[in-house]
Amino acid sequence: MHSQQKEPRDVVPSKKKQIYSIRPELREYLLKFDREVKLPVQYSDLMRFNLKTPLRDKEGRDTLWYTVYYDESEMKELYPNLTYIYALMNTDGDTAVMEHLSVARIDYCTFANTKPFRVRIINRLNDNYDHFYVKIADASRVYGLELEHILSPNRISYLTDGNTLIEEHIPGLPGDEFISRRLGTSKFNQIRICKEFVKFNERCFVRLLGDMRSYNFVVDITPDIEGNQYRFRAIDFDQQSYEGRLKMYLPHYFKENLALVQLGMQHMDETTMRQYQEEERSLIANRFRTGHYRIEELFSVMDIDQIAPDEKVKQLGKELSSYHKNPAFKSCETMGQIVFECLSQVVGKRQG
């Protein structure tokens, strides 16, 4: 999508990312903005399961998740507390809504960095269900969630308590499923899909959210008067400004997203693509200015936080300096400083 290269290559993260603990300054920020609360369940509590079975999808394929089971004594304490957390996330802790809610299932994934638990909450009155996730708190992920909340068109609900992170479920069709099943639609819809992928690509690049392969985002589809509206939404924030290679922050470079790139080449020329990029950059700049007090507080912590190895910081600074023709990136000492410099590139141009 950026003019460096039209076709994706096989871009892969270097290796499993390490988890960075939340420093005291970040904890203060989270407290100030009502993200840090006292939770009745910690991540370690969910690790006390005594049995797990592989979870398969409707076609019988392995999902890389396990359904976990607990002793009855564990369940009696754990399940009501998980229901309370759901109420805390969705109704500001109004316990009156808890009477008809219960835990239907708990799944566990060993594949992801933060080894999440997915809790399914069911409404017994109508059998409707929702999910939320319990994960190991990782500073990179928290910064990613905050930047998504402030700078993207999407609001994000999450809570932290010590070493525990609670995240809402982000609804949408998984990107890999969307690519395999939904691209064969009308030309009108295809053009809208291409436009939204360009805008998503731009959002990731400007705030340096990496590794947006098709299974790390979902597509929210809304029927409209004519055709559908589409929105690409990141669901994995582990790779917030962690990798040293610039291409890791451009979703169109991943082979998993090749079909979207090919669709874009079919329906868009360079001028149209640049128009959509500029539209998204203007929206990001507006959100930056609207939330500048919160952003300043966030970066006062992120600028001093070491959330990537020094060699990756140096490599990314060098590559971005060359890409933007701006030597300021080379003098950045942390990923936070690099992200702020990227955002300044966008905001500064629209203030001049």
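Helices here are DSSP runs of H or I with at least four residues, numbered from the N terminus. By that rule, phenylalanine 197 of this predicted model belongs to helix 6, which covers residues 187-207. Is phenylalanine 197 buried or exposed? Its relative accessibility is 1%, so phenylalanine 197 counts as buried, the cut-off for that label being under 20%. Arginine 27 offers a point of reference along the chain: 170 residues separate it from phenylalanine 197 in sequence, and the two C-alpha atoms lie 34 Å apart in space.

Phenylalanine 197 also leads to a helix pair. Helix 6 packs with helix 7 (residues 258-267) at an angle of about 115°, and the two axes are 9 Å apart. Angles of 65 to 115 degrees count as roughly perpendicular, and helix 6 and helix 7 are therefore described as roughly perpendicular to each other. The crossing of helix 6 past helix 7 is left-handed. On the helix 6 side, the contact is made by Lys187, Gln190, Ile191, Ile193, Cys194 and Phe197. Helix 7 contributes Leu260, Val261, Leu263, Gly264, Gln266 and His267. Sorted by class, this contact between helix 6 and helix 7 holds seven nonpolar, four polar and one charged residues.

A second pair can be read in the same manner. Helix 4 (residues 139-151) packs with helix 9 (residues 292-302) at an angle of about 160°, and here the axes are 11 Å apart. That angle makes helix 4 roughly antiparallel to helix 9, since angles over 145 degrees are given that name. Helix 4, too, passes its partner, helix 9, in a left-handed crossing. Which residues of helix 4 meet helix 9? They are Tyr143, Glu146, Leu147, His149, Ile150 and Leu151, and in helix 9 they meet Arg294, Ile295, Leu298, Phe299, Val301 and Met302. The residues of this contact divide into nine nonpolar, one polar and two charged.

Helix 3 (residues 72-91) gives a chance to look at one helix from end to end. It has 20 residues and reaches 28 Å from its first C-alpha to its last, close to the 28 Å expected at 1.5 Å a residue. Its buried residues are Glu74, Leu78, Tyr79, Leu82, Thr83, Ile85, Tyr86, Ala87, Leu88 and Met89. A general point helps when reading such a list: an α-helix has 3.6 residues a turn, so residues three or four places apart point the same way. What covers the buried residues of helix 3? The cover includes helix 2 (43-46) along with strand 3 (101-109), strand 4 (117-123), strand 5 (129-136), strand 6 (158-161) and strand 7 (164-168). After helix 3 comes aspartate 92, whose phi is positive, near 60°.

That backbone angle deserves a brief aside. Most residues other than glycine have a negative phi. Aspartate 34 is not a glycine, yet its phi is positive, at about 60°. This aspartate 34 sits in the loop between helix 1 (24-32) and helix 2, and it is exposed, with a relative accessible area of 61%. Lysine 325 is another residue that is not a glycine but has a positive phi, in this case about 55°. Lysine 325 lies in the loop between helix 10 (310-324) and helix 11 (335-351). With a relative accessibility of 72%, lysine 325 counts as exposed.

Loops can hold buried residues as well. Leucine 208, in the loop between helix 6 and strand 9 (217-223), has a relative accessibility of 0% and so counts as buried. Which residues does leucine 208 touch, leaving out those up to four places away in sequence? Its contacts are Gln239, Gln240, Ser241, Tyr249, Leu316, Leu320, Ile338, Val339 and Cys342. Leucine 208 and methionine 335 are 127 residues apart along the chain, and 9.2 Å separates their C-alpha atoms. Methionine 248, located in the loop between strand 10 (228-234) and helix 7, counts as buried at 1% relative accessibility. Its C-alpha atom is separated by 22 Å from that of glutamate 279, 31 residues away along the chain.

Serine 180 shows that a residue in a helix can be exposed: it is found in helix 5 (residues 175-181), and its relative accessibility is 57%. The C-alpha atoms of serine 180 and leucine 343 are separated by 34 Å, with the two positions 163 residues apart along the chain.

Definitions and conventions. Residues numbered from 1 in each chain as written. Predicted model: local features only at pLDDT ≥ 70, side-chain atom pairs only at ≥ 80, totals over all residues. Heavy atoms only, no water. Axes fitted to C-alpha atoms, helices over the stretch in contact; angles between N-to-C directions. Helix = DSSP H or I, 4+ residues; strand = E, 2+ residues; numbered from the N terminus. Parallel < 35°, antiparallel > 145°, perpendicular 65-115°, else oblique. Left-handed = near helix turned anticlockwise from the far one by under 90°. Contact = heavy atoms within 4.5 Å. Nonpolar A, V, L, I, M, F, W, Y, C, P; charged D, E, K, R; others polar. Expected span 1.5 Å × (residues − 1). Buried < 20%, exposed > 50% of the residue type's maximum accessible area, 1.4 Å probe, protein only.
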